[in-house]
Amino acid sequence: MKRLVLIGGGHSHVEILRRFARHPVAGVELVLVSPHADAPYSGMLPGWIAGHYARADCHIDLAALARFARCRFLRSACNGINAEAGLMFCGNGEHLEFDLVSVNIGSRSPAFETDGALEHAVAVRPVGQFVLKWEEVCRALASGSGPDRIAVVGAGAAGTEVLLSMQHRLKSVAPSAKVRFLLIGDQPDILPGHNERVRRIFRRVLAERGIFLHLGIPVQRVEPGAIRLRDGSTIEAGWIAWATGASAPLWPRSAGLATDDRGFILVNECLQSISHPGVFACGDVATLSEHPRPKSGVYAVRAGPRLAANLRRKLLGQALRAWKPQPHALALISTGDRHAVASRDQRALEGGWVWQWKDWIDRRFMERYRAT
């Protein structure tokens with residue numbers, strides 16, 4: 001009996017569970033290790049923050065999906081692995097042996113990299129904890145208290161989308177609240193990973209919504225109720241959300257796996273570690289050595305079928321097959337309300353129909369993983 005251990009319940013691993021449920025591999029024990037019983041779907045999280053979706057709409061029930069796949073579910077964090085010995089170290093102190101392991105745990109918030117951010121700001125990831133704290137702010141503002149200035153650090157697509165979603169949410173739960181929203185980024189413009197047409201649309205939307213922009217100066221440190229920038233200036237804010245991108249978990253590098261200069265697991269075109277052939281990785285935690293791409297859930301979703309196929313082939317002793325991600329992924333970015341912008345390469349489209357299209361795609365994705 002061989003044991004395949006899936007570390008993390010990310011977008012790629014839920015596809016593996018679905019495919020192995022339909023076509024199990026004889027003589028293989030499947031184990032899913034995750035500290036959470038469900039997994040958020042990144043595409044619907046801004047809609048959850050904005051109030052368009054309930055929690056159940058945008059979370060995959062990992063425990064139910066594991067049962068459907070006849071997979072053992074171990075609810076635990078992963079503290080690291082010993083790839084040579086075939087051991088995974090669980091957060092509860094136990095050891096789990098494996099013959100083959102796949103890692104799909106996403107990334108962690110880079111808030112720890114800035115002095116005071118962990119203590120005085122709220123990281124957007126993990127989003128479940130973020131939403132709990134955001135709902136506390138909503139209740140406070142609805143009762144007549146709460147912050148009068150809310151800042152989001154990170155002016156990329158994630159930070160911009162989160163800010164607009166929060167602002168939209170307050171219109172329904174605290175319509176009389178007078179809250180000023182601020183978007184802070186270290187680059188000279190918003191959404192640096194997108195084309196000028198997309199940036200122009202969002203500059204217009206932010207101006208129409210009265211959002212204050214502070215761009216081009218990195219944050220030096222965060223203090224209670226204030227953000228200190230490197231040029232010595234100060235931005236006051238009663239509540240601060242941190243959405244500055246992705247940082248690598250610490251344990252892959254300490255486990256001796258080959259990583260890029262940021263600590264993400266380096267994998268080849270077969271999604272296999274370039275240093276340890278019994279280790280596979282996908283999603284934000286991994287970097288394709290030949291085809292690096294931005295950290296985006298789109299690539300994890302697209303890679304899921306190939307990762308599942310290559311794990312199956314590895315277990316059966318067959319040759320692996322390469323996967324090359326598309327150079328430009330479609331991004332559907334909401335503006336808080338039921339309106340969205342489609343961004344790909346140098347193209348941009350916007351409208352309520354784009355949001356409806358995005359909603360249809362997201363709900364169809366979620367329906368795949370509702371175990372029955």
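A salt bridge is a side-chain nitrogen of Lys or Arg within 4 Å of a carboxyl oxygen of Asp or Glu. The exercises below apply to a predicted model.

**Exercise 1.** Decide what joins the side chains of Glu 223 and Arg 221, and classify Arg 221 as buried, partly exposed or exposed.

Solution. The N to O distance between the two side chains is 2.7 Å. The cut-off is 4 Å, so Glu 223 and Arg 221 meet in a salt bridge. Partly exposed covers the range between 20% and 50% relative accessible area. Arg 221 has 32% relative accessibility and therefore counts as partly exposed.

**Exercise 2.** Describe the pair Asp 362 and Lys 358: contact, position and burial.

Solution. The side chains form a salt bridge, with 3.1 Å from N to O. Both residues belong to helix 10 (residues 352-368), where they are four residues apart, about one turn of the helix. Asp 362 and Lys 358 are both buried.

**Exercise 3.** Treat Glu 367 and Arg 370 in the same manner, then find which residues a salt-bridge network joins.

Solution. The closest N and O atoms of Glu 367 and Arg 370 are 3.6 Å apart, and the pair forms a salt bridge. Arg 370, at 37% relative accessibility, counts as partly exposed. Shared partners link Asp 189, Glu 196, Arg 199 and Arg 203 into one network of salt bridges. The count of salt bridges comes to 17.

**Exercise 4.** Locate Trp 134 in the largest nonpolar core and list what Trp 134 touches.

Solution. This core has 103 residues; Trp 134 is among those touching the most other members, with Ile 81, Met 88, Phe 130 and Met 166. Helix 5 (residues 127-142) gives the most to the core, seven residues. Leaving aside residues up to four places away in sequence, Trp 134 touches Ile 49, Ile 150, Met 166, Arg 169, Leu 170 and Trp 239.

Key. Residues are numbered from 1 along each chain as its sequence is written. This is a predicted model: local features need pLDDT of at least 70, side-chain atom pairs count only at pLDDT 80 or more; totals for chains, interfaces and linings use all residues. Side-chain values use heavy atoms; hydrogens and water are left out. A nonpolar core is a set of buried Ala, Val, Leu, Ile, Met, Phe, Trp, Tyr and Cys residues joined through side-chain atoms within 4.5 Å. Buried means under 20% relative accessible area, exposed over 50%, partly exposed in between (1.4 Å probe, protein chains only). Helices (H or I, at least four residues) and strands (E, at least two) are DSSP runs, numbered from the N terminus. Contact means heavy atoms within 4.5 Å.
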